[in-house]
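Work through the exercises below with the sequence and the model open. Each task is followed by its solution in steps.

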Amino acid sequence: MGKKLRIAIQSKGRLSEKSLDIIEKCGIDFANDPRVLKEEAYNFPLEFLFVRDDDIPGYVDSGIADIGIVGRNEFDEKQIPLKVIRDLGFAKCRLSVAVPNSFNYTSLKDLEGLRIATSYPNILDKVLKENGVKASYVNVSGSVEVTPFIGVADAICDLVSTGTTLKMNGLKEVEPIYNSSAIMIMNSEIDSERKAILDRLLLRIDSVIKAKDYKYVMFNLPEEHIRAAAQIVGGMKSPTVTKLFDSDWVSVQTVVAEDIFWSVFEQLKDLGAEGILVTSIEKMTE
Ligand code: ATP
Ligand code: ZN
């Protein structure tokens, strides 16, 4: 039997579902039984190891897993020198300094000499050092937001995505210091057989990631405006243009980047486009 590539994924938490999602979109099937620790894919030489996210960098470093999906925050905090092979773009969040509402905050300098509770002392320390601030850290692994109110800390530094948790706890976010998203890391010593499997996997992952950034757009347009429309949509290659039967209108099909989609949409409407149809793309290669 051939070798398998082993991937470490968070067993339960904010990364789990989306990590498995991306693998699934790569056409890889597995049972996804939440009770098991280890599992094999049916149709691809991939083996899953479901663990706590904090353990993922260590497992990849020691070779227990060949690759892993983990938050960049967790990875940077661990300070293990591993290769980051992809930014997967999900689980976006930021590490921010937050203080009680009554705290009159103006800059990081206000933290001088204070006690800051965080699960990320290494990342925080690096930022404070860069800003010439000396503070002490209270290393807590959870419920960071209660520490100012039980006399344990003066400020906190914690992960934020919307800020609701902070507000509910009488805190205000005053300084985002670090951005994170899910990344894929790899052991630097995987053998050539596993490396070949990884390359196959990455090819699929890239097409899944890329597809997310684009929309497939179809619309009808008076033929005379086709050059102007092609200018607007730009895109990968020239759009496909089909003549509509018995009329001077054409049907146009093209791919548009998500981040410029709305501006393209408005310009097309101004140009007289009708029946604009937008669909998501499942997979996409160059
Ligand atoms: P575990 O039990 O595996 O140790 P955990 O409680 O440490 O889990 P989660 O809360 O599931 O971790 O978060 C995992 C990762 O998801 C974080 O390290 C971060 O990268 C990302 N994350 C955390 N909070 C958010 C958020 N509010 N929005 C989006 N992503 C987040
Ligand atoms: Zn964790």
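**Exercise 1: a pair in one helix**

Lys 126 and Glu 130 are both exposed, where exposed means over 50% relative accessible area, buried under 20% and partly exposed in between (1.4 Å probe, protein chains only). The model is predicted, so local features need pLDDT of at least 70 and side-chain atom pairs count only at pLDDT 80 or more, while totals for chains, interfaces and linings use all residues. Residues are numbered from 1 along each chain as its sequence is written, chains are lettered from A and ligands numbered from 1 in the order in which they are written, and side-chain values use heavy atoms, with hydrogens and water left out.

Task: state where Lys 126 and Glu 130 lie and how their side chains meet.

Step 1. Both residues lie in helix H4, 4 residues apart, about one turn of the helix; helices (H or I, at least four residues) and strands (E, at least two) are DSSP runs, numbered from the N terminus.
Step 2. Their side chains meet in a salt bridge at 3.4 Å, N to O. A salt bridge is a side-chain nitrogen of Lys or Arg within 4 Å of a carboxyl oxygen of Asp or Glu.
Step 3. Lys 126 counts as exposed because its relative accessible area is 55%.

**Exercise 2: another helical pair**

Task: find the salt bridge partner of Lys 78 and decide whether each residue is buried, partly exposed or exposed.

Step 1. The partner is Glu 74, with the closest N and O atoms 3.2 Å apart.
Step 2. Helix H3 (residues 72-78) holds both, 4 residues apart.
Step 3. Lys 78 is partly exposed, at 33% relative accessibility, whereas Glu 74 is buried, at 7%.

**Exercise 3: a pair between strands**

Task: which parts does the salt bridge of Arg 6 and Glu 47 tie together?

Step 1. The N to O distance between these side chains is 2.9 Å.
Step 2. Arg 6 belongs to strand E1 and Glu 47 to strand E3, so the pair ties together parts 41 residues apart in sequence.
Step 3. Glu 47 has a relative accessible area of 11% and is therefore buried.

**Exercise 4: the core**

Task: how many residues has the largest nonpolar core, and which element gives the most to it?

Step 1. A nonpolar core is a set of buried Ala, Val, Leu, Ile, Met, Phe, Trp, Tyr and Cys residues joined through side-chain atoms within 4.5 Å.
Step 2. The largest has 31 residues, and Leu 46 and Phe 48 have the most contacts inside it.
Step 3. Elements giving two or more residues include strand E1 (5-10), strand E3 (46-51) and helix H6 (192-212).
Step 4. H6 gives the most, with 7 residues.
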